[in-house]
Amino acid sequence: MARSQRPQQILDAALRLFNQSGAAAVSTNHIAQDLGISPGNLYYWYPNKEAIVRALYGRMVGEYTARWAAMAQGPPTAASVLGFIEASFETNWRYRFLLVDLVWLCRQDPELKTTYMANQAEREGRMVAALRAGAEAGLLDLPDDPALLQDLHRLLWMVNH
């Protein structure tokens, strides 16, 4: 394996193992063994499992951010909204261990919890804006009620997670 590719290879192996067995059951030693490298080599790139999980969370958020940016390129259409929803479900499946183990992971890593909470607040703002844009484009029939839009966002978040 090329040295410059090692961080991504570590993340890819960790993602596969976390999805297979759950984050609690997988150690850095398991990840290193899967890759055929020493734990020290893994620690050169990531000092602990929490750093790996945070990097994977960052990758997932990056995918969502790119999708939100694409959605913001113009007024929403039924096709663009459906494409966004399908892509969101694919991302959720790819990073499913994060959704399944999120509460436990946030309890283990206060830094991840802080990052997650900030990201959720930002996503809520984006989703409420997207709902408003959908209403303005005639795709949704929503009353102009900020509390209702926040409740709808939370419901969509629960269904999506």
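**Entry 1: the whole chain**

I began with burial, and I found that buried residues make up 37% of the 161 residues in the protein chain. I note at once that this is a predicted model, and I keep that in mind for every entry below. Counting the secondary structure, I found nine helices and zero strands in the protein chain, so that, because helices and strands are taken as DSSP runs, I wrote the pattern along the sequence as α-α-α-α-α-α-α-α-α. I then looked up the extent of the protein chain, whose C-alpha atoms fill a box of roughly 60 × 30 × 20 Å along the principal axes. Turning to contacts between residues at least 6 apart in sequence, I saw that 65% of them join residues at least 24 apart.

**Entry 2: helix α1**

I asked myself whether the span of α1 agrees with its 16 residues, or what else it might be. At 1.5 Å a residue the 16 residues should span 22 Å, and since the end C-alpha atoms of α1 are 22 Å apart, the two values agree. Next I listed the buried residues of α1, which are R6, P7, Q9, I10, L11, A13, A14, L15, L17, F18 and N19. Following where these buried residues pack, I came to α2, α3 (39-45), α4, α5 and α6 (96-100). Just after α1, I noticed that G22 takes a positive phi of about 90°.

**Entry 3: salt bridges that start from α1**

Before looking at pairs, I reminded myself that side chains of opposite charge can pair when their charged atoms come close. With a salt bridge taken as a Lys or Arg side-chain nitrogen within 4 Å of an Asp or Glu carboxyl oxygen, the count comes to six salt bridges.

I looked first at R59 and D12, whose side chains meet in a salt bridge with 3.0 Å from N to O. This pair links distant parts of the chain, for R59 sits in helix α4 (residues 49-71) and D12 in helix α1 (residues 6-21), 47 residues apart. Is D12 buried, partly exposed or exposed? With a relative accessibility of 41%, D12 counts as partly exposed, whereas R59 is listed with the buried residues of α4.

I then turned to D34 and R16, which form a salt bridge with their closest N and O atoms 2.5 Å apart. Because D34 lies in helix α2 (residues 28-35) and R16 in helix α1, the pair ties together parts that are 18 residues apart in sequence. I checked accessibility for both partners: D34 is partly exposed at 34%, and R16 is partly exposed at 38%.

**Entry 4: helix α4**

For α4 I repeated the span check, and its 23 residues should cover 33 Å at 1.5 Å a residue, which agrees with end C-alpha atoms that are 33 Å apart. At the N-terminal end of α4 I found a cap, in which a side-chain oxygen of N48 lies 3.2 Å from the backbone nitrogen of E50. The buried residues of α4 include I52, V53, L56, Y57, M60, V61, Y64 and W68.

Within this helix I also found a salt bridge between the side chains of E63 and R67, at 4.0 Å from N to O. Both residues lie in α4, four residues apart, which is about one turn of the helix.

**Entry 5: α4 beside α8**

How do α4 and α8 lie to each other, roughly parallel or roughly antiparallel? Their axes come within 11 Å and cross at roughly 10°, and that makes α4 roughly parallel to α8, because angles under 35 degrees count so. On the α4 side I noted V53, R54, Y57, V61, Y64, T65 and W68 in the contact, and on the α8 side E111, L112, T115, Y116, N119, R123, R126, M127 and A130.

R54 and E111 came up again in another search, where R54, D109 and E111 are linked in a network of salt bridges. I located D109 in the loop between α7 (102-108) and α8 (110-136). D109 counts as buried, with a relative accessibility of 7%, because buried means under 20%. Leaving aside neighbours within four places in sequence, D109 is in contact with E50 and R54.

**Entry 6: T77**

Last, I looked up T77, which lies in the loop between α4 and α5 (78-94) and is partly exposed at 39% relative accessibility. From T77 to A13 I read 37 Å in space, C-alpha to C-alpha, with their positions 64 residues apart in sequence.

Conventions:
Residues are numbered from 1 along each chain as its sequence is written. This is a predicted model: local features need pLDDT of at least 70, side-chain atom pairs count only at pLDDT 80 or more; totals for chains, interfaces and linings use all residues. Side-chain values use heavy atoms; hydrogens and water are left out. Helices (H or I, at least four residues) and strands (E, at least two) are DSSP runs, numbered from the N terminus. Buried means under 20% relative accessible area, exposed over 50%, partly exposed in between (1.4 Å probe, protein chains only). The expected span of a helix is 1.5 Å times one less than its number of residues. A polar contact is a pair of N or O atoms within 3.5 Å; within protein, one must be able to donate a hydrogen and the other to accept it, and residues adjacent in sequence count only if both atoms are side-chain atoms. Contact means heavy atoms within 4.5 Å. Axes are lines fitted to C-alpha atoms, for helices over the stretch in contact, and angles run from 0 to 180 degrees between N-to-C directions. Angles under 35 degrees count as roughly parallel, over 145 as roughly antiparallel, 65 to 115 as roughly perpendicular and the rest as oblique.
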